[in-house]
Amino acid sequence: NGMDDLELVFFKMISSLGSARSSFMEAMALARTGDFAQAQAAIEQGESQRIAGHDQHFDLLQADAAGDHPPFSLLLVHAEDQLMSAELLKVTAEEVLALYQRLDQLTT
């Protein structure tokens, strides 16, 4: 039914965005060790997962705007929280990588 379909979308968002968050966290850990190429690759991998979750969310927004309002769900709230934290972690990971690269240039 419709709710089962929505729950599947919410879980897909949570899965994609959780993977994105993990990749962004991994990127920061790699940057700390000086492995800048792998850190950049982790950011890129996370970004592809973040985009997947964002696209699923955008589809929900379009359906809502068309009058197909999803019922309130804690799963949706959690999925949106994952979306926001993934977006914030992406920016943070990019900044951390840039800072470690700059530090490396200054100390070598």
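Colour the chain by secondary structure: 3 helices and 0 strands appear, counted as DSSP runs numbered from the N terminus (helices H or I, at least four residues; strands E, at least two). Starting at the N terminus, the order is α-α-α. The radius of gyration is 17 Å, well over the 13 Å from the globule rule for 108 residues, so the chain is more spread out than a compact globule. That radius is taken over C-alpha atoms, and the rule is 2.2 Å times the number of residues to the power 0.38.

This is a predicted model: local features need pLDDT of at least 70, side-chain atom pairs count only at pLDDT 80 or more, and totals for chains, interfaces and linings use all residues. Numbering runs from 1 along each chain as its sequence is written, and side-chain values use heavy atoms, without hydrogens and water.

Next, show the C-alpha trace. Its principal axes span about 60 × 20 × 20 Å.

Switch to the surface. About 6600 Å² is exposed, with 57% supplied by carbon and sulfur atoms (Shrake-Rupley method, 1.4 Å probe). Buried residues make up 33% of the 108; buried means under 20% relative accessible area (1.4 Å probe, protein chains only).

Now turn to contacts, meaning heavy atoms within 4.5 Å. Of those with a separation of 6 or more, 82% join residues 24 or more positions apart.

Finally, select serine 23. It lies in helix H1, residues 2-32. Is serine 23 buried or exposed? Serine 23 counts as buried, at 6% relative accessibility. Add Ala42, Gln45 and Gly46 to the selection: serine 23 touches them, leaving aside residues up to four places away in sequence.

Technical notes:
Buried < 20%, exposed > 50% of the residue type's maximum accessible area, 1.4 Å probe, protein only.
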